[in-house]
Amino acid sequence: MLRILTLITGLALVGACTQTQLYEEPEDLGEFKLRVNYAFADKAVQGPVSRDATSQEWTEAIQKAVDIRLGRYQGSQEYDIGISLEGYMLAPPGIPVIYNPKSTAIVLVNVYDVGKKEFLAKGKQFQVLEDTTGGSALKGSGNERTKEEQMSGLALKVADRVEEWLAEEHKDNGWFDLRPGLIQPIESGQAVQNPA
């Protein structure tokens, strides 16, 4: 029994060390600048043992987290991000050590390039689990956190995952690379604005 408690405590401490922070080092997102941050939760499916939450509460939590994480980038090209909450489970109080469900959320993400007037991605799905802290590992999330804390934590995880994904796409596929703004015509030698 002592060994099990030691293992649980160790895992809890590891989880606490890797907890997602509200303000983390920015990623490389090239010329990305957030124009509009859409969040939708009207059609979200609530898990069977979940605490209740309104679509308005979810919308505000997700928009706030995305604004904090993606609103800090000041590139020269604008993009819209749309996030639809598809399903969630906010862990209720459980029985410490025996039954400690974790909160989770499933979202679909769209990325729209304002300048090109086209979607870079439609319906990219992510599932996130809430971070584990020392207290929640032993007592359970439902006993340790309020509904609002669970929602803001999941919203931050969504924003963090989207930010990481955008950085991966920028690196691997050139999303948010600087588009040439000037074209040099061969005949005249005069620079003209690129219409694209």
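Which residues is F32 in contact with, leaving aside its neighbours within four places in sequence? With contact taken as heavy atoms within 4.5 Å, the list runs to L70, Y73, Q74, G75, Q77, Y79, I81, L166 and F176. Before going further, a word on the ground rules: this is a predicted model, so local features need pLDDT of at least 70 and side-chain atom pairs count only at pLDDT 80 or more, while totals for chains, interfaces and linings use all residues. Residues are numbered from 1 along each chain as its sequence is written, and side-chain values use heavy atoms, with hydrogens and water left out.

Now for the overall layout. The protein chain has 5 helices and 7 strands, where helices (H or I, at least four residues) and strands (E, at least two) are DSSP runs numbered from the N terminus. Along the sequence they follow the pattern α-β-β-α-β-β-β-α-α-α-β-β. Of the 196 residues, 40% are buried, meaning under 20% relative accessible area; exposed is over 50% and partly exposed lies in between (1.4 Å probe, protein chains only). The chain exposes about 11,300 Å², with carbon and sulfur atoms supplying 55% of that area; accessible areas come from the Shrake-Rupley method with a 1.4 Å probe, and for residues only the protein chains shown count as cover. Among contacts between residues at least 6 apart in sequence, 72% join residues at least 24 apart.

Back to F32, which turns up again in the largest nonpolar core. A nonpolar core here is a set of buried Ala, Val, Leu, Ile, Met, Phe, Trp, Tyr and Cys residues joined through side-chain atoms within 4.5 Å. The largest one has 37 residues, and F32, W58, L70 and L166 touch the most other members. At least two residues each come from β1 (32–40), α2 (55–70), β3 (77–89), β4 (104–113), β5 (118–129) and α5. Helix α5 supplies the largest share, 9 residues.

On the strand side, two strands pair if DSSP finds at least two bridges between them. Strands β3 and β4 run antiparallel and are joined by 10 bridges; Y88, for instance, has A105 in β4 as its bridge partner. Strands β4 and β5 also run antiparallel, with 9 bridges, and V111 is partnered by A121 in β5. β4 and β5 form a hairpin with 4 residues between them, and K117 in the turn has a positive phi of about 55 degrees. Within β3 sits G82, which counts as buried at 11% relative accessibility. G82 touches Y38, L108, V109 and N110, not counting residues up to four places away in sequence. One of these, L108, is 26 residues from G82 in sequence, with the two C-alpha atoms 8.2 Å apart.

Then the aromatics. Rings of Phe, Tyr and Trp (its six-membered ring) pair if their centres lie within 6.5 Å; planes under 30 degrees apart are stacked, over 60 edge-to-face and the rest tilted. The count comes to 10 aromatic pairs. Y112 and F119 make an edge-to-face pair, 5.1 Å centre to centre with 65 degrees between the planes. Both rings belong to partly exposed residues, with relative accessible areas of 22% for Y112 and 42% for F119. W175 and F176 also pair edge-to-face, at 5.9 Å and 80 degrees, but these two residues are buried. F32, Y73, Y79, F126, W165, W175 and F176 form one aromatic cluster.

W175 and F176 lead on to H170 in helix α5 (residues 147–173). H170 is buried at 11% relative accessible area. Outside its neighbours within four places in sequence, H170 is in contact with D28, L29, G30, W175, F176 and D177. Polar contacts are pairs of N or O atoms within 3.5 Å; within protein, one must be able to donate a hydrogen and the other to accept it, and residues adjacent in sequence count only if both atoms are side-chain atoms. The side chain of H170 reaches the backbone oxygen of W175 at 2.3 Å, and a polar atom of that side chain lies 3.5 Å from the backbone nitrogen of G30. Helix α5 also holds Q150, buried at 1% relative accessibility, whose side chain is joined to that of R51 by a polar contact of 3.1 Å.
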